[in-house]
Amino acid sequence: MPRNVAILFTIISLGVLVVLAFHSPERWTVMAEAESYASPFELPPFGADSRGRPLTDYAMQGAHIVALPAVVAGLLVTFLGIVGGLVRCMGSARVESIVAGLREVVGALPRMVVILVVAILMPLEWRSLMGLAVVWALLAAPGAMDEAAAVAGRLGGARFVEALRAHGFSRVRIYLYHVVALNLRPVVVRQGAETLMQVVFLEVALSFLALAAGEPSFTHNEATTKSWADLLYQGYQFIAMDVPSGHALVLGLLLVAVTAVAAVSISSAARAR
Amino acid sequence: MGRSRHLLVAAGISAAMLSTGAALTYYEGALPTTLNPLYAAKMVDYRAQELVFDRLWYHSPINNELESRLVQGWELTDGGKGIKLELASGIKWHDGKPFTANDICFTVKSMLDTGTPSPIAEGYRDILAGCTEESRSTAIVHFTRIVHNPRERLGFSVLPEHAFDGNTAISPDLEFSARPTGTGPMKGSRGTRGVTFQAFANGHHAPNIPQMQLQESGDPLLAIKALINNSVQGIIEVAPNFRADVSASDELALKSYDLRSWWFVAINSKKAPLDDRRVRQALNFMLDRTELREKSIGVKPGERNSPCEFISGPFVPSSPYYNRSVPAVERSDQGQAEALLTEAGMEKVGGRWQFKGQPVSFRMGMEKSLDNEAPDILSYISNQFEAAGIGSQVYKIPPDKWTTEAITGHLTDYDLLVGKWSFGQVEDVNELFYTRSRGKGTRNIFNYSEQEVDRLLAQYDVAKTDTAARDAYHKLHRKLAEDLPYLFLWKLDTKSAWRTEVKSNTIAPYYYFTQFDSWRYEG
Amino acid sequence: MALVLPFAVPAIITLLIWALPGSPVSIICPGCDGAEGLAARWNLDQGMVHFYTTWMGGALHGDFGNSWRVVQGVPIAELLGPAVPVTVTLILLAMVPLLLASAVAGLGWIPRQLDPLFQAIGLIPAMLPALVVYAVISLRFGATMADGPESLTAKLLWGAIILGIADGALSGAIVGTRSLFDNERKQQYVLVAQLRGEGVLSNTLPNVAGALVGQIRGRMLHLLSGAVIVEAVLRIDGLGDYLWRATLMQDFGLVLAAATGFALVSGSILMLQALLEVAVAWHQRRSPVVPVGGVA
Amino acid sequence: MITSNRWWAGLFLLAIGCSPPTETSPAPAGSSGDPVPAETSTVIPGAMVSSTWPVLMADDARRAPFESHPGWAALVMQRDYPAALAAFGGDASHALGQARVHAELAAAYRQALLVGANATVQIYGENRRDEDPAEVDCLLAVSYRMLAVEDSNAQRLASCQTTEISELKAHAEAWQAWTGSDNWPPADALAATPGQLGEPTVGALPDAGTLPHWRTVDLVEGLEIQTASPAGLLGLAMFHEQAAIAAAPQAEAALRASLVPFRLPSEPAGELPGLLEVPLDLLFGSPMLVPADLSFMADVTRGSGATAVETWKDRSALAAAVAPCVDLAAPSIDVGCVNENASRAFDQMRTAMEILSGGEQGYHRPFAELGRLGIVRAGEAVAESIGDETSMGLLRLNALDLSIGTSAEPHYLLSIAAWDAGNRNSSRASDSLHAQVGHIPGVEVARFPLEALHVRMSRESAPGVPMH
């Protein structure tokens, strides 16, 4: 996709998510039985659930649950990716071998398994999406660092820095502008955007599974807050049990799509000219 | 999409129709924690165990006569302090081994063994003194004192000695809890997603249903849909909101299930500001029970024969122990609530109550499966507190966590817990309010402790006459309604729904499957 | 690494239990009564080394203790025994579309124009198709049999298809393999070989084989991670589903055993990679192949 | 008309389970959705089905005067006697409605009396303890007398007269004087019971006087025991029976016949009614489908049992439905067959109503449900009369399951409570009785012995712990 279009998509998709998250109600609207399963036409913009609660609440509360942790995880991965690239440019063999070792250990275990083990060991009061998102980011980081290092390697690593030094550029400018801004940007931003999307999907997956099992969610207090997973669960009821909640499924899929579009467009917008 | 959906549904219905040839499946609000009768904590545990085990004596669900499938003759011995049991012949355990007097005595001894940490066994330790086997088919059960109607006291399920290698100290986490050996009509096995029951023809049982499955229901709406689609054939507890749907279907029958259940909000009186009785009383006035009942259970104002009736103490209103001179709070009274909170040193700033300069907010929990009977009640209660100026974070607690943590007094990081207690013929509430110590107060949720309450509970325990016992509980009711370790909500009738293909399904009060031999499934 | 993993995972978990605030009993069984008895029964009362060694000792003899909450009282080995082959089958089945796609991409038969399509498909989180499939299966088999053995084959096949396509698995396989071969094709020796009239694949394959094996291992780990979600949504009684339910119900013993099970599977994949790399190295030692009618 | 149907259906469904009014009930899963169900097999002869009140009431014109009257709404849909009496009050055009309320109250008080009498016998007769004071002898004697058990009642009444409670002493003397006589009702004894009823008056709703009637103490700890005279309920029953007849003297025979299944064992049998002229007002909203059903049920209750079925099966819809299930030779009754026939008759009536109404209406189901209940209750009565106790028990439990919403007749539910009290099933008996307290003034009288029985039973049961 052309860069300008990508930037436009980024602004729109992220804008939608941020606006939803910031306007999220603390608790959902009191039910109105009469509005039960109201369609988007009967109760704009998204219709209502089985107890007449507007689906807008679900969309906004769901965005509120994922927004901060997803962004934090994305930034963390971006930051660590940059570190990986810079380490290669510094040409420190020891640090690189440590990173490689770390990648081997982390890469040897399925991420979801680690997430669940952390989830059960984490004290109840610490349990939140933020904790899991950070763990997810740490698991994703070695890959990002590796890829960034490879890019830096292709530049020539330490030799590239020395060459620019010869042109009289300061180290700070070389690292921050020439290496990070001009060369690492496409990789680390893509890695960050993918992590952002993965954290959103992780929340939806964990909440959906908890919902289906009739157990409390790890990521939010489901008694007062609704996740996007609740929309998808209603969608499941629509498909499996002929419950008139097709509009919830559509909204759920729409929100997932917006997240994916945001991730893709961020990556495209950040790619090199 | 709509079209494909209808195709799917049609396919599903027809598939479900075909599938009913297999096993009879019914939904419970939660899976049983254990199939070991000594460790039943939830009604679902009792109901499942009733299929697998035989109680020594039980009441016929038809005419309430005291009957036994295990004992063919009995006589009092030791001047009424013992009862000699002549066992019926031809009874086998589910593993094929014969049922003998040793098993009866083993059960008695394991209940008397303090290494068996069972609240149910604890109850029997007051009455049972021991047991001696006279022969393979004769046992004498000894009582601690002369008791009237001794057979009435022997309502425990009998356990097989060989399954425990004669070790009378029985722990809850043995494999027996998941795959027990009983003498009941069905052989039960707890799986990861439910319990499977296989018919076991025996000298004293001839079940007509070869196989049955217990599954967890989850969403009540889906459960009703599954019942209507014949994907499952029964639901043990149908939420009042859905009873009209069941009545309106020609293929479903609503069945009475006699269970004395009442709902409550337990208050953590050990934590400030709830340690101040006035604050607890204020919360009692903040709740608008009428609105709660209407929104969550669907009882319209002034409805006749409502399944849900308000209570002011720890008994159902039809019980003789219920003190009718203590009125229930049906509507909220914010005026009184505000006066009490102000008296308790709180102040209202910007519509929110503050205690010692901090806004008051409670951590509130509820056993998750209650949401099936009273949908969204937790949110409604929380909304009412919010409207009255008290914040709250609410959590749903899985049934197992409730069993292992809430009723054992470990959820002390919560301020309020919404729950339900169910009773049979015996409405002994001592375990709920006694100060926890040495086998007392085993179900005291927030470890409530009050001297006067303990005194009244002890009065009930040692009462020589019925009148004394009743007076003690009437006083207890009044005292609890003032001191409010619980906000008492209501009693709620229980109804089951079964498909009409399930015939002769007589439901026993409390234990449910006592008459299972007569059940037939013509699916 | 492959051999260390199954020992390292329980060791790391043990370390975490002792590192986190609160007593080990309160972490393993929050709110459980009789802490002393429980601590003794779980060997938590004599420090983490004792716990680790006794648990590992039992595990080596196939004794992982009993489930505490998921199915109270049932030996964990009895639960996980049948679960491991189920998960392995799911992963192997899911590898089929991936290997096929890799092969076709490696041969350059998939036009680049289709990449955006594969990438778009790759953006779909596995959970979405999984929940639709479970809905269909529960309709097809009815609420009772949807979770019974009757529907296992259907759930494994569908699960494999979902795992193989969603979460970027397919697009990763196609793009990854193609880029590997493209880079190699640009190498001087390949051009020379082409001039000699040799086949490109016969020259490139031995040299990319190592990296290819590495990619395959990466994909398998990716599938293993996705298997947790797919098994849980489709209610397939595999390692992932047990791990998920044990986590929900705080059945610590089961989580520990399931995580070790995953480590074991992951270790086996590592082992497989090592063996393949040895085979490749051995093959490369026999190269280069003397061309037909070579220099006299 | 649609509007009135909506209103009618709404009220019914409200009573059933508070669901919103619907024009039609949902079609069964997999059905074609055709408003008129497929051909249903015949249990009740076609002509007889057309003459059942639910089918007759499918005629809008015939139903109109009933559905527009709040008295009928209160009686038939809410089963609320006080509200019904108040609504009918002074409306001569609905004197039969008023008579019906009084008659049902007369039946309800008799059954409440039986609840108390059975509980008294169970606790003070068969489970008497050292703590029980001498005064209970008096209650026991009267209870046995009401149950027609002549078991040394004179002696009990004599020992009861040693009491220091003067009112109770007078009460005992009055009953003593009556013991052995055949006069019915025991006017003097009733006059000596607490609570002044006055002359039977149409529309009046007296209670049983100030409760408890007497206070005595237990013999162990000297704690207060509260008691009440079951005879107080007999007075109320007689009052309402006479008020019913006074309200509609022309329907005296039908009103008396409707009471036969609910009379006390100690009441004189009287003449069998034979085939009666029964106005629709006395059938509407009841489980009796056609006039002959009243006579059939009266005949069965008098003990003729299986032969009554033979006698009435061509005239009574209930007898016709039950007849195929009765084995005259044994004699015995097939419970499954009764339930099956009740369901088929239910379908027959709904089909007939749908054809008349040109589609299903909200009120069809609850009307037909009453018919289904009537058949199960008829089977239960037959089982009891032929001594098949197990079948009787099973059918009674089935009838209890069907007695919900608009089918929850207080006098029938109290009869089940009386049966439960006799079986020492004090939990269900007190639930059933409690449901009527506050709706039928004075029934609390039965609570005193019933609650005493419950406390005794529960204290002598196996230990129980609260479950969640």
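In chain C of this predicted model, residues 24 or more positions apart account for 71% of the contacts that have a separation of 6 or more. Chain C has 13 helices and zero strands, and read from the N terminus its elements therefore form an unbroken run of α after α. Taken along the principal axes, the C-alpha atoms of chain C fill a box of roughly 85 × 50 × 30 Å, and of the 296 residues in chain C, 52% are buried.

From chain C one can turn to its neighbours. Chain A meets chain C through 39 residues of chain A and 43 residues of chain C, and between them the two chains bury about 3400 Å², 83% of which lies on carbon and sulfur atoms. On the chain A side, I120(A), L121(A) and L209(A) supply 19% of the area that chain A buries against chain C, more than any other three residues. The size of an interface is often given as the accessible area lost when the parts come together.

The remaining pairings can be set beside this one. There are four pairs of chains in contact, and among these it is chains B and D that share the most contacts. Chain D does not touch chain A, the nearest C-alpha atoms of the two being 10 Å apart; nor does chain D touch chain C, where the nearest C-alpha atoms are 15 Å apart.

Within chain D, helix α7 covers residues 95-126, and its length offers a check on its geometry: at 1.5 Å a residue its 32 residues should span 46 Å, and because the C-alpha atoms at its ends are 45 Å apart, the expectation and the model agree. This helix is also mostly covered, with 30 of the 32 residues of α7(D) buried.

Attention now passes to the enclosed space. Rolling a probe the size of a water molecule over the atoms shows where empty space is left. In this model the count comes to 10 cavities of 30 Å³ or more, and the largest cavity has a volume of about 800 Å³. The lining of the largest cavity consists of 45 residues, and those nearest its centre are R55(B), G424(B), Q425(B), Y510(B) and Y511(B). Elements from two chains take part: α2 (43-52), β2 (58-59), α4 (119-124) and β20 (416-423) of chain B, together with α22 (426-436) of chain D, each supply at least two residues of that lining. By class, the lining of the largest cavity holds 22 nonpolar, 15 polar and eight charged residues.

The second largest cavity contains about 290 Å³ of space. It is lined by 27 residues, of which G29(B), A30(B), E237(B), S369(B) and E373(B) are the closest to its centre. In chain B, β1 (24-28), α2, α6 (220-228) and α11 (370-373) each give at least two residues to the lining of the second largest cavity, and this lining divides into 14 nonpolar, six polar and seven charged residues.

Helix α2 of chain B appears in both accounts, since it supplies at least two residues to the lining of the largest cavity and at least two to that of the second largest. How many of the 10 residues of α2(B) are buried? The helix is mostly covered, with 10 of its 10 residues buried, among them the charged residues D45(B), R47(B) and E50(B) as well as the nonpolar M43(B), V44(B) and L51(B).

How values were computed
Residues are numbered from 1 along each chain as its sequence is written. Chains are lettered from A and ligands numbered from 1 in the order in which they are written. This is a predicted model: local features need pLDDT of at least 70, side-chain atom pairs count only at pLDDT 80 or more; totals for chains, interfaces and linings use all residues. Side-chain values use heavy atoms; hydrogens and water are left out. On a 1 Å grid over the protein atoms alone, a cavity is a set of points where a 1.4 Å probe fits but cannot get out, and a pocket is an open set with protein on both sides within 12 Å along at least five of seven lines; lining residues have an atom within 4 Å of a point. Grid points are joined across faces, edges and corners, and a volume is the space filled by probe spheres set on the points. Helices (H or I, at least four residues) and strands (E, at least two) are DSSP runs, numbered from the N terminus. The expected span of a helix is 1.5 Å times one less than its number of residues. Buried means under 20% relative accessible area, exposed over 50%, partly exposed in between (1.4 Å probe, protein chains only). Contact means heavy atoms within 4.5 Å. Buried area is the accessible area (1.4 Å probe) that two parts lose on being put together, summed over both.
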